[in-house]
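Dear colleague,

I am handing over the structure below, and my notes on what was found in it follow. Please keep the structure open beside the text as you read.

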Amino acid sequence: MDSPITIRLGQRARQRIAQDGVQARDVAIIPAAAGGPKGLILHGIDSWLFGEWLPAAPRERRLIGASIGAWRMAAGAFADPVAAHKRLAYHYTRQTYPDKVDAAYVTRTVRGMLEEVLDGHGSEALGHPQHRLSIITARGIGPLARTGGVRWREMAGFLLAAAGNAMSRGRLARAMERVVFHDARDDGAWLREGFDPFSTQFAALTDANLRDALLASGSIPLVLEAVNDIAGAPPGTYWDGGLIDYHLHLPYQRDAGLVLYPHFTDHIVPGWLDKSMPWRRARDAALENVILVSPSPSFLARLPSNKMPDRADFKHYGQNHAARIRDWTFAIGESERMAEALARWTEKPDLATTAGF
């Protein structure tokens with residue numbers, strides 16, 4: 001029977017596993033991509049990782065994410081991560097919207113959903129004994145510095161940004177910069193030396209900015225409102241972190257440990273605007289210590305419509321909310337098979353079944 005997961009290994013990760021096997025104590029970083037509902041397909045792995053495997057080998061670990069990835073990593077840093085991931089899957093799946101909706105309505109809905117997920121436990125994500133949470137956002141500069149919530153200004157600014165990105169990532173860096181909200185106990189030193197065209201600002205996570213940072217990290221332009229002037233961070237307009245860091249192409253090789261990356265696809269795209277540009281997929285030294293785990297084609301073929309949940313489903317199902325919720329819930333349940341397969345592989349890793357980048 002085909003495996004429900006696909007595994008790709010960087011060269012350093014492959015060598016280490018060949019010598020020592022897969023040890024939870026060696027995992028230093030867990031990234032989580034933006035991607036909206038696609039992140040739900042990792043629910044089973046998230047619950048197993050944070051509920052069973054990682055707690056058995058406590059050590060300081062960096063959890064870093066953008067958009068739904070940031071929400072997943074925040075849930076992983078709660079005292080009861082399994083309950084937090086269940087809340088995230090439940091409330092995210094049960095979002096419903098009328099036919100015609102504006103950004104203010106979506107923002108209110110998502111903020112309310114965030115409160116349900118945090119459930120009064122947000123401070124736990126800031127003080128976990130081992131986990132160090134980082135949330136990635138994009139701050140507008142240049143034409144996106146201050147749009148004032150005016151739709152035509154936002155649209156014009158993002159059209160210019162997209163046109164620049166089509167030429168190079170460096171041109172996109174003229175319209176936005178990365179802002180990392182990080183655990184105050186971890187200064188993010190591994191990200192402070194430049195590694196791409198974007199400037200990076202840093203702000204410590206606190207009770208005063210956790211909610212706004214999580215909301216901003218998933219604030220899709222023109223779909224949600226921007227989050228303005230987040231406490232403790234540079235003043236300005238904040239958007240979805242996936243605009244710059246869609247799949248988190250970060251300098252992982254700077255850490256001596258392994259990077260365990262549960263992902264909804266088997267490749268890494270730097271920014272959201274790069275999705276249609278396969279030549280920009282990451283294949284460099286940054287991935288040398290990465291273990292990338294993703295759903296296999298045979299697994300996806302068993303899901304409704306032969307695919308994982310995605311944002312287009314809101315339009316596809318329309319007002320048939322019950323059907324969408326049913327199909328997403330089925331996919332979340334099936335994700336347990338991915339977790340079981342990964343657990344088996346960590347116990348007895350078969351390198352012959354893995355690929356490289």
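**The core around Tyr-252**

Not counting residues up to four places away in sequence, Tyr-252 touches Ile-29, Pro-31, Trp-190, Val-259, Tyr-261, Ala-286, Leu-287, Asn-289 and Val-290. Please bear in mind throughout that this is a predicted model. Tyr-252 belongs to the largest nonpolar core, which has 99 residues, and together with Phe-181 and Ile-291 it touches the most other members of that core. The element that gives the most to this core is helix H12, residues 321–347, which supplies nine residues. A second core, separate from this one, has 13 residues, among them Ala-138, Leu-172, Phe-198 and Ala-226.

**The overall fold**

The secondary structure comes to twelve helices and ten strands, and the C-alpha trace spans about 55 × 50 × 40 Å along its principal axes. A compact globule of 357 residues would have a radius of gyration near 21 Å, and the value for this protein, 19 Å, agrees with that. Of the 357 residues, 57% count as buried. When contacts between residues at least 6 apart in sequence are considered, 79% of them join residues at least 24 apart. The protein exposes about 14600 Å², of which carbon and sulfur atoms supply 52%.

**Helix H1**

Which residues of helix H1, residues 11–20, are buried? They are Ala-13, Arg-14 and Ile-17, and because they cover an arc of only 100° around the axis, they lie on the same side of H1. The face turned away from that buried side carries Ala-18 and Gln-19, which are exposed. The cover over the buried residues of H1 includes strand S1 (5–9), strand S9 (258–262), strand S10 (290–295) and H12, the last of these being the helix that gives the most to the largest nonpolar core. After H1 comes Gly-21, which has a positive phi, near 75°.

**Two buried polar residues in loops**

The loop between strand S8 (237–240) and S9 holds Asp-255, and this residue counts as buried because its relative accessibility is 16%, where the cut-off is under 20%. Leaving aside neighbours within four places in sequence, Asp-255 is in contact with Arg-12, Ala-28, Ile-29, Arg-62 and Asn-289; Ile-29 and Asn-289 are also among the residues that Tyr-252 touches. The side chains of Asp-255 and Arg-62 are joined by a polar contact of 3.3 Å, while the side chain of Asp-255 also reaches the backbone nitrogen of Gly-257 at 2.7 Å.

Gln-95 is found in another loop, the one between helix H4 (81–93) and helix H5 (103–118). Is Gln-95 buried or exposed? With a relative accessible area of 7%, Gln-95 is buried. Its contacts, once neighbours within four places in sequence are left aside, are with Val-110, Met-113, Phe-314 and Arg-324. The C-alpha atoms of Gln-95 and Arg-324 are separated by 10 Å, although the two residues are 229 residues apart along the chain. Closer in sequence, a polar contact of 2.7 Å joins the side chain of Gln-95 to that of Tyr-97, and a polar atom of the Gln-95 side chain lies 3.1 Å from the backbone oxygen of Tyr-92.

With kind regards

Conventions: Residues numbered from 1 in each chain as written. Predicted model: local features only at pLDDT ≥ 70, side-chain atom pairs only at ≥ 80, totals over all residues. Heavy atoms only, no water. Core = buried A, V, L, I, M, F, W, Y, C linked by side-chain atoms within 4.5 Å. Buried < 20%, exposed > 50% of the residue type's maximum accessible area, 1.4 Å probe, protein only. Helix = DSSP H or I, 4+ residues; strand = E, 2+ residues; numbered from the N terminus. Contact = heavy atoms within 4.5 Å. Polar contact = N/O pair within 3.5 Å; in protein donor to acceptor, adjacent residues only side chain to side chain. Arc of directions from axis to C-beta. Rg over C-alpha atoms; globule rule 2.2 N^0.38 Å. Areas by Shrake-Rupley, 256 points an atom, 1.4 Å probe, with all protein chains shown as cover.
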